[in-house]
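I opened my notebook to record how the strands and helices of this model are arranged, and I began by looking up one pair of strands.

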Amino acid sequence: MFRVFIAAVWAGLLAGSPPAHAGAPSARSSPRIEVLTMGPGDDAFSKFGHAAICVDNQCFNYGTADFSTPLPLSYRFLRGRAEFWVSVSSRETMLSAYERQDRTLYTQVLPLSDDQALELAARLFRDAQPENRFYTYHHFADNCTTRVRDHIDAITHGRLRAGTAELYPQPMRALLREGFATNLALAVVGELALARTVDRRPTLWQAMFLPRVLREQIDERLGAKPQVLYQRRAPLGGGDVDV
């Protein structure tokens, strides 16, 4: 009965209308859930890569913000006080945007059961509602990648988190310096703003704030092999974290 209810919710969300009655089965199959991870780009906010998640042809981007005022946003970003939100676009629109930025694109289709796929779709559409879509961005603890990570972990009953208490090889400070190595101003501000909070080594779970680490763990733990959709053409700068 639970699967019938979630399927009805999914069908209603796709149609842009209220969910169907809980007792009415849906004729649709479960949605295809795809994780997209993007390599770094040329601007400061793209140095750590990016992640998004798609339900069939609709992609959810938790990395949306007002980038028209880069200096104030950079300061709030480093302090963990920036306002971000989840936006929804077509898969074609998203892929085209990142190709124009010359950023490597990876795809991983999640091997989920029908119930898991339907539940994850419902979670994503719920996040995209006007009353839910805004959040306070934190570069390490709550960002575009951790939001995807947490949803996947929840619907797979902890398969991403299990056994990730081990410490990641690099401390947060090293990851910060790598990402901002080509931007001296942000590197200096980052050192001052984050101070000793970045001296600790994160656990493997915490290190999944990086898209490349999440991609590796989805492959290892869920068996979703990454496929390259687009390969960056210009050489990467020395400070870019992703490959």
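**Strands and helices**

I looked first at strand 1 (residues 33-38) and strand 5 (residues 105-109), which run antiparallel and are joined by five bridges. I noted that the model is a predicted one. Within this pairing I found valine 35 opposite glutamine 108 of strand 5.

I then followed the whole sheet, which is open, has seven strands in the order 6-4-3-2-1-5-7, and pairs them antiparallel. At its edges I found strand 6 (134-137) and strand 7 (227-230), each with a single partner strand, so one side of each has no neighbour in the sheet. I also looked up the twist, and neighbouring strands are turned by 30° against each other on average, direction ignored.

Next I asked which helices lie across these strands. Helix 3 (residues 91-100) lies across several of them, including strand 2 (50-55) and strand 3 (58-64), and runs at about 120° to strand 4 (82-90). Helix 9 lies across strand 1, strand 2 and strand 5, and its direction is at about 30° to strand 5.

Last, I looked up how helix 9 (residues 211-222) packs with helix 5 (residues 144-155), and found an angle of about 15° with the axes 10 Å apart. Because angles under 35 degrees count as roughly parallel, helix 5 is roughly parallel to helix 9. Their crossing is left-handed. Thr145, Val148, Arg149 and Ile152 of helix 5 make the contact with Pro211, Leu214, Ile218 and Leu222 of helix 9. Sorted by class, I have six nonpolar residues, one polar and one charged in this contact.

Definitions and conventions
Residues are numbered from 1 along each chain as its sequence is written. This is a predicted model: local features need pLDDT of at least 70, side-chain atom pairs count only at pLDDT 80 or more; totals for chains, interfaces and linings use all residues. Side-chain values use heavy atoms; hydrogens and water are left out. Axes are lines fitted to C-alpha atoms, for helices over the stretch in contact, and angles run from 0 to 180 degrees between N-to-C directions. Helices (H or I, at least four residues) and strands (E, at least two) are DSSP runs, numbered from the N terminus. Angles under 35 degrees count as roughly parallel, over 145 as roughly antiparallel, 65 to 115 as roughly perpendicular and the rest as oblique. A crossing is left-handed if the near helix is turned anticlockwise from the far one by less than a right angle, and right-handed if clockwise. Contact means heavy atoms within 4.5 Å. Ala, Val, Leu, Ile, Met, Phe, Trp, Tyr, Cys and Pro count as nonpolar, Asp, Glu, Lys and Arg as charged, and the others, Gly among them, as polar. Two strands pair if DSSP finds at least two bridges between them.
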